[in-house]
Amino acid sequence: RSKQWYQRRVRVTSLPDYFLLENVQGFEGSNTRDKILQFFTEHRYHVAEFLINSNELGIPNSRLRYYLLARRRPFPESIQSVVDKSNGFLHFIPGFEKPTVTPPLSNFLETDPIGYELPDKFLSKWGWVLDLVTPSSTRSCCFTKGYRV
């Protein structure tokens, strides 16, 4: 799919001042990332890349994610100096203090769970491999609407 996105991109008449990309761990080694970086270089964007666990951002999810921030103007010197010294990916956001308390999952969940319940048959077969959490949990390994049962 990533290759299709790059090949089908449309011509833009104006470029945004900022661009934020988030993806799974492993994207940092992909050809698509290389092509995106090439695009930003050709259009004189300043780029910072991050590999950060969502939990470090105060999100109750333990999952390493790839982030790319590109901007037309240079980063402030306080941030650019950290980016330059990193020799690759930052594992923190300069100037961002990690929250001391992680909020419970209930702060992020939809209030109407209709349609999201797992059938008992599925749970009895696969429940042992799932990261079962409650709305009051302050950590999870993965949650998404994208998986189908």
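**View 1. Helix α2 has the span expected for its length.** Helix α2 covers residues 31-42 of a predicted model. At 1.5 Å a residue, its twelve residues should span 16 Å, and the end C-alpha atoms are indeed 16 Å apart. The expected span is 1.5 Å times one less than the number of residues. Helices are DSSP runs (H or I, at least four residues), numbered from the N terminus. Arg-44 follows α2 and has a positive phi, near 60°.

**View 2. The buried residues of α2 line one face.** Thr-32, Arg-33, Ile-36, Leu-37, Phe-39 and Phe-40 are buried. Seen down the helix axis, they fall within an arc of 155°, so they share one face. The arc is taken from the directions from the axis to the C-beta atoms. On the other side, Asn-31, Thr-41 and Glu-42 are exposed. Buried means under 20% relative accessible area, exposed over 50%, partly exposed in between (1.4 Å probe, protein chains only).

**View 3. A nonpolar surface patch includes Val-129.** Leu-118, Leu-123, Trp-126, Trp-128, Val-129, Leu-130 and Leu-132 make a patch of about 690 Å². Patch residues have over 30% relative accessible area and no salt bridge (side-chain nitrogen of Lys or Arg within 4 Å of a carboxyl oxygen of Asp or Glu). Nonpolar side chains are joined within 5 Å. Areas use the Shrake-Rupley method. Val-129 lies in the segment after α4 (120-126). Val-129 is partly exposed, at 46%.

**View 4. Confidence is highest in α2.** Mean pLDDT (predictor's confidence, 0 to 100) is 95 in α2 and lowest, at 55, in α1 (residues 2-7). The protein averages 84, and 87% of the residues score at least 70.

Residues are numbered from 1 along each chain. Local features need pLDDT of at least 70, side-chain atom pairs 80 or more, while totals for chains, interfaces and linings use all residues; side-chain values use heavy atoms, without hydrogens or water.

Methods
Helices (H or I, at least four residues) and strands (E, at least two) are DSSP runs, numbered from the N terminus. Patches are made of residues with over 30% relative accessible area and no salt bridge: like charges are joined within 9 Å, nonpolar side chains (Val, Leu, Ile, Met, Phe, Trp, Tyr) within 5 Å. Accessible areas come from the Shrake-Rupley method with a 1.4 Å probe; for residues, only the protein chains shown count as cover.
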